[in-house]
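Good morning, and thank you for the time on today's agenda. I would ask you to keep the sequence and the structure in view while I speak.

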Amino acid sequence: WYRKGGYHAVRVGDQFAGGRYIAQRKLGWGQFSTVWLAYDTRTSEFVALKIQKSAAQFAEAALHEIEVLSAITNGDPSNSKCVVRLVDHFKHTGPNGQHLCMVLEFLGDSLLRLIRYNRYKGLQLNKVREICKCILIGLDYMHRELGIIHSDLKPENILLCSTIDPTKDPIRSGLTPILEKPEGNANGGVTMSTIDKKLKRRARRAVAKISERRASMGGGAAKSKRNLDGIDMRCKVVDFGNAFWANRLFTEEIQTRQYRAPEVILQAGYSFPVDMWSFACTAFELATGDMMFAPNSGQGFGEDEDHLALMMELLGKMPRKIAIGGAQSKDYFDRHGDLKRIRRLKFWPLDRLLVDKYKFSENDAREFAEFLCPLLDFAPEKRPTAQQCLQHPWLNLRNSAQDEMKNEANLGNVDVGMSNLQIKVGK
Ligand code: ADP
Ligand code: MG
(Lines give C-alpha, C1' and ligand atoms only; values in the text may rest on other atoms or scores of the structure.)
(Ligands and ions follow the chains in the order given, each with its own letter.)
Protein backbone atom coordinates (compact mmCIF):
# COMPACT_ATOMS: atom_id res chain seq x y z
CA TRP A 1 0.00 0.00 0.00
CA TYR A 2 2.45 2.58 1.20
CA ARG A 3 5.13 1.98 -1.39
CA LYS A 4 6.48 3.63 -4.53
CA GLY A 5 3.57 4.68 -6.70
CA GLY A 6 1.14 4.05 -3.86
CA TYR A 7 -0.48 5.97 -1.03
CA HIS A 8 1.25 8.80 0.76
CA ALA A 9 1.62 8.04 4.47
CA VAL A 10 0.26 11.00 6.43
CA ARG A 11 0.82 11.81 10.08
CA VAL A 12 -1.21 14.12 12.25
CA GLY A 13 0.36 17.56 12.03
CA ASP A 14 1.90 17.05 8.57
CA GLN A 15 1.96 20.21 6.47
CA PHE A 16 0.89 20.53 2.84
CA ALA A 17 1.13 23.22 0.15
CA GLY A 18 3.92 25.12 1.84
CA GLY A 19 2.29 24.92 5.26
CA ARG A 20 -1.18 26.11 4.28
CA TYR A 21 -2.92 22.84 5.21
CA ILE A 22 -2.28 20.80 8.37
CA ALA A 23 -3.41 17.17 8.62
CA GLN A 24 -5.83 16.54 11.52
CA ARG A 25 -7.21 13.00 11.20
CA LYS A 26 -8.08 10.45 8.56
CA LEU A 27 -11.61 10.66 7.15
CA GLY A 28 -11.65 7.74 4.77
CA TRP A 29 -10.05 6.13 1.81
CA GLY A 30 -10.87 4.80 -1.60
CA GLN A 31 -9.19 2.72 -4.25
CA PHE A 32 -6.85 5.46 -5.36
CA SER A 33 -6.62 7.84 -2.47
CA THR A 34 -6.69 8.59 1.22
CA VAL A 35 -8.80 11.45 2.50
CA TRP A 36 -7.77 13.52 5.53
CA LEU A 37 -9.40 16.20 7.57
CA ALA A 38 -7.06 19.18 7.30
CA TYR A 39 -7.00 22.68 8.73
CA ASP A 40 -6.64 25.51 6.23
CA THR A 41 -4.48 28.10 7.98
CA ARG A 42 -5.31 30.73 5.36
CA THR A 43 -9.09 30.63 5.80
CA SER A 44 -9.15 29.11 9.33
CA GLU A 45 -11.54 26.42 8.11
CA PHE A 46 -11.50 22.65 8.09
CA VAL A 47 -11.24 21.03 4.66
CA ALA A 48 -11.03 17.51 3.25
CA LEU A 49 -7.67 16.71 1.66
CA LYS A 50 -7.81 13.93 -0.93
CA ILE A 51 -4.30 12.60 -1.58
CA GLN A 52 -3.99 10.45 -4.67
CA LYS A 53 -1.61 7.51 -5.06
CA SER A 54 1.47 8.63 -6.95
CA ALA A 55 1.83 6.22 -9.92
CA ALA A 56 1.26 7.71 -13.37
CA GLN A 57 -2.18 6.16 -13.96
CA PHE A 58 -3.46 7.53 -10.63
CA ALA A 59 -2.04 10.97 -11.38
CA GLU A 60 -3.81 10.91 -14.72
CA ALA A 61 -7.06 9.90 -13.06
CA ALA A 62 -6.64 12.69 -10.50
CA LEU A 63 -6.07 15.26 -13.25
CA HIS A 64 -9.30 14.12 -14.84
CA GLU A 65 -11.13 14.35 -11.51
CA ILE A 66 -9.75 17.86 -10.97
CA GLU A 67 -10.97 18.86 -14.43
CA VAL A 68 -14.49 17.61 -13.68
CA LEU A 69 -14.51 19.11 -10.16
CA SER A 70 -13.36 22.48 -11.51
CA ALA A 71 -16.21 22.53 -14.03
CA ILE A 72 -18.64 21.53 -11.29
CA THR A 73 -17.42 24.19 -8.87
CA ASN A 74 -17.16 26.97 -11.46
CA GLY A 75 -20.68 26.31 -12.73
CA ASP A 76 -22.18 26.68 -9.25
CA PRO A 77 -21.02 30.01 -7.83
CA SER A 78 -23.97 30.20 -5.44
CA ASN A 79 -23.14 26.75 -3.97
CA SER A 80 -26.72 25.54 -4.23
CA LYS A 81 -26.45 22.50 -6.51
CA CYS A 82 -25.74 19.77 -3.98
CA VAL A 83 -22.30 18.85 -5.32
CA VAL A 84 -19.00 18.96 -3.45
CA ARG A 85 -16.79 22.03 -4.05
CA LEU A 86 -13.14 21.96 -5.05
CA VAL A 87 -11.27 24.56 -3.00
CA ASP A 88 -7.73 24.06 -4.27
CA HIS A 89 -5.36 21.48 -5.74
CA PHE A 90 -1.60 21.01 -5.70
CA LYS A 91 1.20 18.47 -5.96
CA HIS A 92 2.90 17.01 -2.92
CA THR A 93 6.19 15.17 -3.08
CA GLY A 94 6.74 12.38 -0.58
CA PRO A 95 8.93 9.28 -0.26
CA ASN A 96 6.62 7.33 -2.60
CA GLY A 97 6.63 9.91 -5.38
CA GLN A 98 4.56 12.89 -6.40
CA HIS A 99 0.92 12.90 -5.29
CA LEU A 100 -1.83 15.06 -6.73
CA CYS A 101 -3.92 16.49 -3.91
CA MET A 102 -7.42 17.89 -4.03
CA VAL A 103 -8.72 20.20 -1.35
CA LEU A 104 -12.48 19.79 -0.99
CA GLU A 105 -15.02 21.42 1.26
CA PHE A 106 -15.37 19.32 4.41
CA LEU A 107 -18.58 17.30 4.54
CA GLY A 108 -20.09 14.85 7.00
CA ASP A 109 -20.78 11.11 7.01
CA SER A 110 -21.78 9.19 3.91
CA LEU A 111 -25.30 7.86 3.45
CA LEU A 112 -23.84 4.38 3.78
CA ARG A 113 -22.71 5.25 7.30
CA LEU A 114 -26.14 6.74 7.97
CA ILE A 115 -27.81 3.50 6.85
CA ARG A 116 -25.47 1.45 9.05
CA TYR A 117 -25.90 3.83 11.98
CA ASN A 118 -29.63 3.36 11.63
CA ARG A 119 -29.02 -0.42 11.93
CA TYR A 120 -30.23 -1.15 8.41
CA LYS A 121 -33.80 -0.36 9.42
CA GLY A 122 -34.58 2.12 6.71
CA LEU A 123 -35.02 5.83 7.27
CA GLN A 124 -38.31 7.61 7.78
CA LEU A 125 -39.85 8.39 4.41
CA ASN A 126 -39.82 12.11 5.14
CA LYS A 127 -36.05 11.91 5.54
CA VAL A 128 -35.71 9.81 2.38
CA ARG A 129 -37.59 12.51 0.50
CA GLU A 130 -35.24 15.26 1.72
CA ILE A 131 -32.19 13.27 0.69
CA CYS A 132 -33.70 12.37 -2.69
CA LYS A 133 -34.37 16.03 -3.45
CA CYS A 134 -30.70 16.91 -2.85
CA ILE A 135 -29.40 14.07 -5.00
CA LEU A 136 -31.78 15.02 -7.81
CA ILE A 137 -30.73 18.68 -7.67
CA GLY A 138 -27.13 17.49 -8.02
CA LEU A 139 -27.94 15.14 -10.89
CA ASP A 140 -30.05 17.69 -12.72
CA TYR A 141 -27.18 20.18 -12.49
CA MET A 142 -24.59 17.67 -13.72
CA HIS A 143 -26.76 16.30 -16.52
CA ARG A 144 -28.56 19.33 -17.87
CA GLU A 145 -26.15 22.18 -17.19
CA LEU A 146 -22.80 20.43 -17.57
CA GLY A 147 -23.48 17.32 -19.66
CA ILE A 148 -21.65 15.19 -17.09
CA ILE A 149 -22.55 11.60 -16.15
CA HIS A 150 -21.49 10.68 -12.59
CA SER A 151 -21.54 6.92 -13.24
CA ASP A 152 -20.81 5.85 -9.67
CA LEU A 153 -23.78 7.07 -7.70
CA LYS A 154 -24.34 5.06 -4.50
CA PRO A 155 -24.84 5.76 -0.78
CA GLU A 156 -21.07 5.79 -0.17
CA ASN A 157 -20.62 8.65 -2.62
CA ILE A 158 -23.25 10.94 -1.14
CA LEU A 159 -22.17 12.81 1.97
CA LEU A 160 -24.37 14.55 4.52
CA CYS A 161 -23.69 18.23 5.07
CA SER A 162 -24.05 17.51 8.79
CA THR A 163 -22.52 14.77 10.90
CA ILE A 164 -24.36 11.88 12.53
CA ASP A 165 -22.53 12.49 15.77
CA PRO A 166 -22.21 16.26 16.27
CA THR A 167 -19.43 15.78 18.82
CA LYS A 168 -17.31 14.36 16.01
CA ASP A 169 -17.86 17.40 13.80
CA PRO A 170 -14.89 19.74 14.22
CA ILE A 171 -16.82 22.71 12.91
CA ARG A 172 -19.85 22.32 15.16
CA SER A 173 -17.86 21.29 18.18
CA GLY A 174 -15.55 24.26 17.76
CA LEU A 175 -12.59 21.92 18.12
CA THR A 176 -9.19 23.60 18.26
CA PRO A 177 -7.19 22.60 15.24
CA ILE A 178 -3.93 20.71 15.66
CA LEU A 179 -1.22 23.01 14.36
CA GLU A 180 1.86 21.03 15.28
CA LYS A 181 2.90 17.41 15.23
CA PRO A 182 1.89 15.76 18.48
CA GLU A 183 4.76 14.33 20.52
CA GLY A 184 5.76 10.76 19.84
CA ASN A 185 4.39 11.09 16.36
CA ALA A 186 6.72 8.38 15.15
CA ASN A 187 4.07 5.93 16.23
CA GLY A 188 1.14 8.16 15.43
CA GLY A 189 1.52 7.77 11.70
CA VAL A 190 -0.28 5.28 9.58
CA THR A 191 1.90 2.35 8.68
CA MET A 192 1.32 -0.81 6.75
CA SER A 193 0.60 -2.79 9.87
CA THR A 194 -1.90 -0.30 11.31
CA ILE A 195 -3.75 -0.38 8.01
CA ASP A 196 -3.77 -4.18 8.12
CA LYS A 197 -5.05 -4.16 11.66
CA LYS A 198 -7.69 -1.64 10.74
CA LEU A 199 -8.85 -3.71 7.79
CA LYS A 200 -9.07 -6.82 9.95
CA ARG A 201 -10.99 -4.96 12.61
CA ARG A 202 -13.28 -3.59 9.92
CA ALA A 203 -13.87 -7.07 8.51
CA ARG A 204 -14.69 -8.41 11.99
CA ARG A 205 -17.08 -5.55 12.56
CA ALA A 206 -18.75 -6.18 9.21
CA VAL A 207 -19.32 -9.83 10.13
CA ALA A 208 -20.72 -8.79 13.51
CA LYS A 209 -23.01 -6.30 11.78
CA ILE A 210 -24.34 -8.93 9.43
CA SER A 211 -25.14 -11.32 12.25
CA GLU A 212 -26.74 -8.47 14.15
CA ARG A 213 -28.81 -7.73 11.09
CA ARG A 214 -29.77 -11.37 10.64
CA ALA A 215 -30.77 -11.61 14.29
CA SER A 216 -33.05 -8.62 13.94
CA MET A 217 -34.54 -10.07 10.76
CA GLY A 218 -35.42 -13.23 12.58
CA GLY A 219 -37.46 -11.15 14.96
CA GLY A 220 -34.77 -11.49 17.64
CA ALA A 221 -34.17 -8.89 20.31
CA ALA A 222 -34.68 -5.68 18.37
CA LYS A 223 -32.29 -2.92 19.35
CA SER A 224 -33.88 0.35 20.28
CA LYS A 225 -34.13 2.65 17.32
CA ARG A 226 -31.67 5.45 16.77
CA ASN A 227 -32.76 8.98 17.21
CA LEU A 228 -32.11 10.84 13.98
CA ASP A 229 -34.06 13.92 15.03
CA GLY A 230 -32.19 17.12 14.50
CA ILE A 231 -29.88 15.70 11.85
CA ASP A 232 -30.06 17.85 8.80
CA MET A 233 -30.69 15.58 5.81
CA ARG A 234 -29.09 17.93 3.30
CA CYS A 235 -26.37 16.18 1.38
CA LYS A 236 -24.01 16.50 -1.55
CA VAL A 237 -22.78 14.24 -4.31
CA VAL A 238 -19.02 13.48 -4.16
CA ASP A 239 -16.40 11.31 -5.87
CA PHE A 240 -16.13 12.48 -9.44
CA GLY A 241 -13.28 10.08 -10.16
CA ASN A 242 -15.48 8.16 -12.58
CA ALA A 243 -17.53 11.05 -13.93
CA PHE A 244 -17.22 12.02 -17.58
CA TRP A 245 -18.72 14.23 -20.25
CA ALA A 246 -21.47 12.36 -22.09
CA ASN A 247 -20.14 13.48 -25.47
CA ARG A 248 -16.69 11.97 -24.86
CA LEU A 249 -15.97 8.31 -25.21
CA PHE A 250 -15.52 6.41 -21.96
CA THR A 251 -15.06 2.78 -20.87
CA GLU A 252 -17.68 0.10 -21.39
CA GLU A 253 -17.97 -1.11 -17.83
CA ILE A 254 -19.13 1.63 -15.52
CA GLN A 255 -20.87 1.81 -12.13
CA THR A 256 -20.55 -0.24 -8.96
CA ARG A 257 -22.14 -3.68 -9.42
CA GLN A 258 -25.30 -3.31 -7.32
CA TYR A 259 -26.15 0.09 -8.81
CA ARG A 260 -25.38 -0.86 -12.41
CA ALA A 261 -28.05 -0.30 -15.05
CA PRO A 262 -29.20 -3.14 -17.34
CA GLU A 263 -27.97 -1.41 -20.51
CA VAL A 264 -24.46 -1.40 -19.04
CA ILE A 265 -24.58 -5.14 -18.32
CA LEU A 266 -25.93 -5.86 -21.81
CA GLN A 267 -23.57 -3.33 -23.44
CA ALA A 268 -26.40 -1.69 -25.30
CA GLY A 269 -25.02 1.86 -25.09
CA TYR A 270 -25.62 4.20 -22.20
CA SER A 271 -26.03 7.83 -21.23
CA PHE A 272 -27.48 10.00 -18.44
CA PRO A 273 -30.24 7.48 -17.54
CA VAL A 274 -27.63 5.20 -15.91
CA ASP A 275 -27.42 7.71 -13.07
CA MET A 276 -31.22 7.67 -12.71
CA TRP A 277 -31.11 3.89 -12.29
CA SER A 278 -28.46 4.16 -9.56
CA PHE A 279 -30.48 6.92 -7.95
CA ALA A 280 -33.53 4.64 -7.70
CA CYS A 281 -31.38 1.85 -6.17
CA THR A 282 -30.03 4.37 -3.64
CA ALA A 283 -33.50 5.68 -2.71
CA PHE A 284 -34.73 2.11 -2.13
CA GLU A 285 -31.74 1.36 0.08
CA LEU A 286 -32.36 4.48 2.15
CA ALA A 287 -35.99 3.56 2.71
CA THR A 288 -35.47 -0.13 3.48
CA GLY A 289 -31.85 -0.50 4.64
CA ASP A 290 -31.31 -3.23 2.04
CA MET A 291 -29.66 -3.05 -1.34
CA MET A 292 -32.22 -3.25 -4.10
CA PHE A 293 -30.17 -5.77 -6.07
CA ALA A 294 -27.39 -7.83 -4.53
CA PRO A 295 -26.50 -10.37 -7.21
CA ASN A 296 -24.32 -13.42 -6.68
CA SER A 297 -22.94 -16.02 -8.99
CA GLY A 298 -24.26 -19.52 -8.47
CA GLN A 299 -24.13 -22.97 -9.93
CA GLY A 300 -24.04 -22.61 -13.67
CA PHE A 301 -24.67 -18.88 -13.80
CA GLY A 302 -22.66 -15.73 -13.25
CA GLU A 303 -23.24 -12.51 -11.36
CA ASP A 304 -24.51 -10.68 -14.43
CA GLU A 305 -27.19 -13.26 -15.16
CA ASP A 306 -28.28 -13.31 -11.52
CA HIS A 307 -28.45 -9.52 -11.62
CA LEU A 308 -30.71 -9.59 -14.68
CA ALA A 309 -32.87 -12.24 -13.00
CA LEU A 310 -33.25 -10.13 -9.85
CA MET A 311 -34.24 -7.13 -11.98
CA MET A 312 -36.93 -9.11 -13.78
CA GLU A 313 -38.27 -10.63 -10.56
CA LEU A 314 -38.86 -7.14 -9.23
CA LEU A 315 -39.74 -5.23 -12.39
CA GLY A 316 -41.23 -7.83 -14.71
CA LYS A 317 -39.90 -9.44 -17.83
CA MET A 318 -37.51 -7.39 -19.91
CA PRO A 319 -39.03 -6.58 -23.32
CA ARG A 320 -37.52 -8.99 -25.86
CA LYS A 321 -36.18 -6.24 -28.07
CA ILE A 322 -34.17 -4.78 -25.20
CA ALA A 323 -33.08 -8.16 -23.87
CA ILE A 324 -31.55 -9.23 -27.18
CA GLY A 325 -30.39 -5.74 -28.23
CA GLY A 326 -26.99 -5.49 -26.49
CA ALA A 327 -23.52 -6.65 -27.54
CA GLN A 328 -23.50 -9.00 -24.54
CA SER A 329 -27.12 -10.16 -24.88
CA LYS A 330 -26.23 -13.53 -26.40
CA ASP A 331 -24.33 -14.47 -23.25
CA TYR A 332 -27.46 -14.26 -21.11
CA PHE A 333 -30.60 -14.39 -23.23
CA ASP A 334 -31.87 -16.86 -25.81
CA ARG A 335 -33.57 -15.59 -28.96
CA HIS A 336 -36.97 -15.50 -27.24
CA GLY A 337 -35.60 -13.09 -24.69
CA ASP A 338 -35.54 -15.63 -21.83
CA LEU A 339 -32.51 -16.04 -19.61
CA LYS A 340 -30.40 -19.01 -20.67
CA ARG A 341 -29.52 -20.46 -17.31
CA ILE A 342 -32.00 -19.07 -14.83
CA ARG A 343 -35.29 -20.36 -16.08
CA ARG A 344 -37.80 -19.89 -13.32
CA LEU A 345 -38.36 -16.42 -11.96
CA LYS A 346 -40.49 -15.60 -8.96
CA PHE A 347 -42.15 -12.29 -9.66
CA TRP A 348 -42.37 -10.07 -6.58
CA PRO A 349 -43.39 -6.56 -7.65
CA LEU A 350 -41.95 -3.57 -5.82
CA ASP A 351 -45.13 -2.40 -4.10
CA ARG A 352 -45.83 -5.92 -2.77
CA LEU A 353 -42.22 -6.32 -1.64
CA LEU A 354 -42.46 -3.06 0.29
CA VAL A 355 -45.61 -4.24 2.05
CA ASP A 356 -44.74 -7.93 2.57
CA LYS A 357 -41.06 -7.72 3.44
CA TYR A 358 -40.59 -4.17 4.66
CA LYS A 359 -44.02 -3.71 6.26
CA PHE A 360 -44.83 -0.46 4.49
CA SER A 361 -48.45 0.59 4.68
CA GLU A 362 -50.35 -0.06 1.42
CA ASN A 363 -50.47 3.63 0.79
CA ASP A 364 -46.76 4.35 1.38
CA ALA A 365 -45.80 1.33 -0.72
CA ARG A 366 -47.96 2.35 -3.67
CA GLU A 367 -46.73 5.95 -3.60
CA PHE A 368 -43.06 5.02 -3.26
CA ALA A 369 -43.30 2.36 -5.98
CA GLU A 370 -44.98 4.90 -8.29
CA PHE A 371 -42.00 7.19 -7.74
CA LEU A 372 -39.34 4.49 -8.26
CA CYS A 373 -40.71 2.27 -11.02
CA PRO A 374 -40.44 4.74 -13.92
CA LEU A 375 -36.78 5.26 -12.97
CA LEU A 376 -36.24 1.53 -13.31
CA ASP A 377 -37.67 1.26 -16.81
CA PHE A 378 -35.63 -1.24 -18.84
CA ALA A 379 -35.76 1.23 -21.72
CA PRO A 380 -33.31 3.93 -20.61
CA GLU A 381 -34.85 6.62 -22.83
CA LYS A 382 -38.18 6.16 -21.03
CA ARG A 383 -36.74 6.88 -17.58
CA PRO A 384 -37.60 10.35 -16.31
CA THR A 385 -34.76 12.87 -16.26
CA ALA A 386 -33.62 14.34 -12.94
CA GLN A 387 -35.46 17.53 -13.88
CA GLN A 388 -38.72 15.61 -14.49
CA CYS A 389 -38.20 13.57 -11.36
CA LEU A 390 -37.91 16.73 -9.26
CA GLN A 391 -41.51 17.49 -10.28
CA HIS A 392 -42.81 14.18 -8.94
CA PRO A 393 -45.57 14.62 -6.33
CA TRP A 394 -43.99 11.96 -4.04
CA LEU A 395 -41.20 14.39 -3.18
CA ASN A 396 -43.70 16.82 -1.71
CA LEU A 397 -45.81 14.37 0.25
CA ARG A 398 -45.49 14.38 4.01
CA ASN A 399 -46.12 11.50 6.32
CA SER A 400 -47.50 12.35 9.72
CA ALA A 401 -45.27 11.63 12.70
CA GLN A 402 -47.74 8.87 13.60
CA ASP A 403 -47.29 7.16 10.20
CA GLU A 404 -43.54 7.31 10.50
CA MET A 405 -43.61 5.75 13.93
CA LYS A 406 -45.77 2.91 12.68
CA ASN A 407 -43.35 2.29 9.80
CA GLU A 408 -40.37 2.15 12.09
CA ALA A 409 -42.03 -0.27 14.46
CA ASN A 410 -42.76 -2.54 11.50
CA LEU A 411 -39.27 -2.38 10.06
CA GLY A 412 -37.82 -3.90 13.19
CA ASN A 413 -39.71 -7.13 12.67
CA VAL A 414 -38.83 -8.32 9.22
CA ASP A 415 -38.90 -12.08 8.89
CA VAL A 416 -39.30 -12.84 5.20
CA GLY A 417 -36.13 -13.39 3.19
CA MET A 418 -36.09 -12.51 -0.48
CA SER A 419 -33.59 -15.31 -1.05
CA ASN A 420 -36.18 -17.91 -0.06
CA LEU A 421 -38.28 -16.96 -2.99
CA GLN A 422 -35.72 -17.14 -5.72
CA ILE A 423 -35.53 -20.44 -7.53
CA LYS A 424 -32.78 -21.05 -10.00
CA VAL A 425 -32.05 -24.06 -12.09
CA GLY A 426 -28.76 -24.83 -13.73
CA LYS A 427 -28.60 -25.44 -17.45
P1 ADP B 1 -12.34 7.48 -4.02
O2 ADP B 1 -12.45 8.12 -5.36
O3 ADP B 1 -10.94 6.99 -3.76
O4 ADP B 1 -13.44 6.47 -3.75
P5 ADP B 1 -13.81 9.45 -2.47
O6 ADP B 1 -13.83 10.81 -3.10
O7 ADP B 1 -15.04 8.63 -2.62
O8 ADP B 1 -12.51 8.66 -2.95
O9 ADP B 1 -13.45 9.61 -0.92
C10 ADP B 1 -13.21 8.49 -0.10
C11 ADP B 1 -13.85 8.69 1.26
O12 ADP B 1 -13.31 9.84 1.91
C13 ADP B 1 -15.35 8.97 1.21
O14 ADP B 1 -16.13 7.78 1.17
C15 ADP B 1 -15.56 9.77 2.50
O16 ADP B 1 -15.62 8.89 3.61
C17 ADP B 1 -14.30 10.58 2.61
N18 ADP B 1 -14.48 11.90 1.96
C19 ADP B 1 -14.32 12.20 0.66
N20 ADP B 1 -14.57 13.50 0.40
C21 ADP B 1 -14.91 14.05 1.57
C22 ADP B 1 -15.30 15.38 1.98
N23 ADP B 1 -15.39 16.39 1.10
N24 ADP B 1 -15.58 15.59 3.29
C25 ADP B 1 -15.49 14.56 4.18
N26 ADP B 1 -15.15 13.31 3.86
C27 ADP B 1 -14.86 13.03 2.58
MG1 MG C 1 -15.67 6.72 -3.40
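I shall go from the whole chain to the sheet, then to the ligand, and finally to the core.

Please bear in mind that this is a predicted model. The chain has 427 residues, and 38% of them are buried. Its secondary structure amounts to 13 helices and ten strands. If we take the contacts between residues at least 6 apart in sequence, 69% of them join residues at least 24 apart.

Let me turn to the sheet. In what order do the strands of the open sheet lie? The order is β1-β2-β3-β4-β6-β5, six strands with antiparallel pairing. At the edges stand β1, residues 15–16, and β5, and each of these pairs on one side only.

We can now walk across this sheet, beginning with β1. Two bridges pair β1 with β2 in the antiparallel sense, and I22 in β2 is the bridge partner of Q15. β1 and β2 form a hairpin with four residues between them, and in that turn A17 has a positive phi of about 50 degrees.

The next pair is β2 and β3, antiparallel and joined by seven bridges. Here K26 stands opposite W36 in β3. The hairpin that joins β2 to β3 passes through three residues.

Further along, β4, residues 45–52, runs antiparallel to β6, residues 97–105, with five bridges between them. One example is K50, whose bridge partner in β6 is M102. On its other pairing, β6 is joined by eight bridges to β5, residues 86–94, again antiparallel. Within that pair, F90 stands opposite C101 in β6, and a hairpin through two residues joins β5 to β6. As a general point for reading such strands, side chains in a regular strand alternate between the two faces of the sheet.

I come now to ligand 1. Which residues come nearest to ligand 1? Of the 22 residues around ligand 1, they are G28, G30, V35, A48 and D239. Several strands that we have just met take part: β2, β3, β4 and β6 each supply at least two residues of the shell. The most comes from β2, which gives three residues. By character, the shell around ligand 1 divides into eleven nonpolar, seven polar and four charged residues.

The last topic is the core. The largest nonpolar core has 103 residues. Those with the most contacts inside this core are A38, L49, I135, A280 and L372. Leaving out residues up to four places away in sequence, L372 touches A280, A283, F284 and L350.

I close with a single residue, L353, which is in helix α10, residues 350–356. Is L353 buried or exposed? There are 22 other C-beta atoms within 10 Å of L353, and a residue counts as buried at 20 or more. L353 is therefore buried. Apart from neighbours within four places in sequence, L353 is in contact with L314 and W348. By contrast, take E65, which is 288 residues from L353 along the chain: the C-alpha atoms of the two are separated by 39 Å.

Thank you for your attention.

Terms used: Residues numbered from 1 in each chain as written. Chains lettered and ligands numbered in written order. Predicted model: local features only at pLDDT ≥ 70, side-chain atom pairs only at ≥ 80, totals over all residues. Pairing = 2+ DSSP bridges. Near = placed C-beta within 6 Å. Nonpolar A, V, L, I, M, F, W, Y, C, P; charged D, E, K, R; others polar. Core = buried A, V, L, I, M, F, W, Y, C linked by C-beta atoms within 7 Å. Buried ≥ 20, exposed ≤ 12 C-beta atoms within 10 Å, placed from the backbone. Contact = placed C-beta atoms within 7 Å.
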